[in-house]
Amino acid sequence: MRWKNKGHEYDDVYRRMEAKRGFYLFGCGDYGRQFLDCFQDEVSLIGYIDNDPTKQETGFNGRVCVGLDKVTLKEDEGIILTISQYDRAGAIKQLQKCGFRQYVDFFLIEEFISIYFLYKCDRVYFLNISFLPSTACNLKCRYCLNFNPFAKKFYVREWDALKKDVDLFFTHVDFVMQFHISGGEPLLYQHTADLVRYIDENYGDKIGTLRMATNGTIVPEEELLVTLSRCRIEVVVDDYRAAVPQYKEQFARLTQSLDEYQIRYYINKVESWVDLAPEKTDYSALTEEQLIQHRSECGQTWQELRNGKLYSCNYAAYATVAGIAGEQDVEESYDLGTHTADKKKELVEFRLGYTEKGYTNFCKKCRGFTTHNTEAMQPAEQVNQCGGHVEDALL
């Protein structure tokens with residue numbers, strides 16, 4: 001989205017939010033659970049909406065759950081769409097088909113969290129943030145969203161730079177529902193235990209869920225297991241055993257270790273991946289307005305924190321690091337080092353997708369997470385295995 005009224009883009013949206021006295025949460029998945037855990041004492045919740053008949057019968061998180069066809073909103077009631085960007089397109093169409101209007105009757109979770117608490121409490125709340133200690137990985141997945149198969153070498157960050165970024169982020173952000181440590185493979189990075197400990201001890205009260213993703217092929221050393229067991233962290237173990245069966249034993253040992261050390265985790269069984277296809281895509285002939293529309297249809301909601309900046313699209317940032325997107329324009333990032341308290345609304349608007357251009361340079365080479373990009377790819381399909389430079393992450 002391109003800025004038209006910087007610092008005031010959501011004034012009218014908040015007035016509509018503020019007029020509501022109760023909200024349904026549409027989506028009984030991960031976001032729906034986290035929202036309730038974080039905000040049930042601050043937002044009046046009526047119950048859940050979900051298309052799963054089983055959840056409608058049993059409820060969710062101790063709350064009533066109904067189908068959308070059973071919902072008749074009063075004028076002072078609204079819906080918060082608590083479904084991730086990857087799965088929400090169908091739900092939005094369903095809401096619109098039932099006559100519900102975005103920004104009037106229903107609000108996206110990331111927009112609700114940031115707008116509501118900024119205007120109501122003068123506090124900067126984010127849905128999530130992506131943080132990568134390094135891109136080093138022992139796998140070489142063909143459709144890697146870090147674009148590692150295109151990179152000539154891994155990008156490994158210094159420990160002091162990580163601490164500086166975390167400190168700067170929480171200087172300006174009061175709360176983030178999910179702080180996501182990813183990679184690459186974070187269990188390869190030598191300072192992962194230090195990073196988790198540092199974030200939890202210094203900023204745990206500003207985080208709803210501190211989460212780390214792993215590809216399920218690395219068994220952590222005891223020091224890291226002890227740290228994870230003592231910190232409030234959730235580990236997401238991606239299950240790629242079908243694609244890399246040679247790691248089945250490591251997967252079993254990893255989950256056994258997590259159980260032994262009583263570390264909270266869940267197994268993420270992904271059925272398919274999306275291919276952003278930067279080597280096949282050429283949208284360079286699109287006009288600026290067409291590129292803005294392409295970025296808007298993508299609906300990509302994640303941003304990366306790196307080197308004191310927020311990057312408007314984390315995948316564009318990853319592509320730049322991998323060397324396939326060229327340099328990002330200054331308009332594609334927000335410099336937290338120059339941020340001041342009087343620019344809170346500008347910061348939140350940037351986090352929600354507003355920039356001077358309204359798109360990224362990488363949009364010209366990226367299919368995006370659009371309804372048109374429907375070709376399903378096998379998760380973790382491997383190209384030629386990585387060479388010895390994985391050891392860079394351990395130095």
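In what order do the five strands of the open sheet stand, and with what pairing? The legends below describe close-up views of a predicted model.

**View 1. An open sheet of five strands with parallel pairing.**
The strands of this sheet follow the order 3-2-1-4-5. Its edges are formed by strand 3 (65–66) and strand 5 (106–108), each of which pairs on one side only. Strand 2 (residues 45–49) is joined to strand 3 in the parallel sense over two bridges. Within this pair, Ile49 of strand 2 stands opposite Val66 in strand 3. Helix 2 (residues 30–39) packs on the sheet, where it touches strand 1 (22–26), strand 2 and strand 4 (77–81). The direction of helix 2 makes about 170° with that of strand 2.

**View 2. Strand 6 and its parallel partner, strand 7.**
Is strand 6 (residues 125–131) buried or exposed? Seven of its seven residues are buried, so strand 6 is largely enclosed by the rest of the structure. Strand 6 runs parallel to strand 7 (residues 175–181), and six bridges join the two. One of the paired positions is Phe131, whose bridge partner in strand 7 is Ile181. Between these strands the chain passes through helix 6 (residues 159–172), which gives a right-handed β-α-β crossover.

**View 3. Tyr155, in the loop between strand 6 and helix 6.**
The side of the chain shown here contains a residue that is partly exposed: Tyr155 has a relative accessible area of 29%. Which residues does Tyr155 touch, not counting residues up to four places away in sequence? The contacts of Tyr155 are with Pro133, Ser134, Thr135, Arg306, Asn307 and Val321. Gly183 stands 28 residues from Tyr155 in sequence, and the C-alpha atoms of the two residues are 9.8 Å apart in space.

**View 4. Strand 9, paired with strand 8 and with strand 10.**
Strand 9 (residues 234–238) is mostly covered, since five of its five residues are buried. Both of its faces are covered: Glu234, Val236 and Asp238 lie on one side, while Val235 and Val237 lie on the other. Strand 8 (residues 207–214) pairs with strand 9 in the parallel sense over four bridges, and Thr214 stands opposite Val237 in strand 9. Strand 10 (residues 265–268) also runs parallel to strand 9, and four bridges join these two strands. Here Asp238 stands opposite Asn268 in strand 10.

**View 5. The helices that link strands 8, 9 and 10.**
Two β-α-β units can be followed along this part of the chain. Strand 8, helix 8 (residues 222–230) and strand 9 make a right-handed unit. Strand 9 also belongs to a right-handed unit with helix 9 (residues 248–260) and strand 10.

**View 6. The packing of helix 7 and helix 8.**
How are helix 7 and helix 8 oriented to each other? The axes of helix 7 (residues 192–203) and helix 8 come within 9 Å and cross at roughly 15°. The two helices are therefore roughly parallel to each other, because angles under 35 degrees count as roughly parallel. Helix 7 passes helix 8 in a left-handed crossing. On the helix 7 side, the contact is made by Thr192, Ala193, Val196, Arg197 and Asp200. Helix 8 contributes Glu223, Leu224, Thr227, Leu228 and Arg230 to this contact.

Definitions and conventions: Residues are numbered from 1 along each chain as its sequence is written. This is a predicted model: local features need pLDDT of at least 70, side-chain atom pairs count only at pLDDT 80 or more; totals for chains, interfaces and linings use all residues. Side-chain values use heavy atoms; hydrogens and water are left out. Buried means under 20% relative accessible area, exposed over 50%, partly exposed in between (1.4 Å probe, protein chains only). Two strands pair if DSSP finds at least two bridges between them. A crossover is right-handed if, with the strands pointing away from the viewer, the path from the first strand over the helix to the second runs clockwise. Axes are lines fitted to C-alpha atoms, for helices over the stretch in contact, and angles run from 0 to 180 degrees between N-to-C directions. Angles under 35 degrees count as roughly parallel, over 145 as roughly antiparallel, 65 to 115 as roughly perpendicular and the rest as oblique. A crossing is left-handed if the near helix is turned anticlockwise from the far one by less than a right angle, and right-handed if clockwise. Contact means heavy atoms within 4.5 Å.
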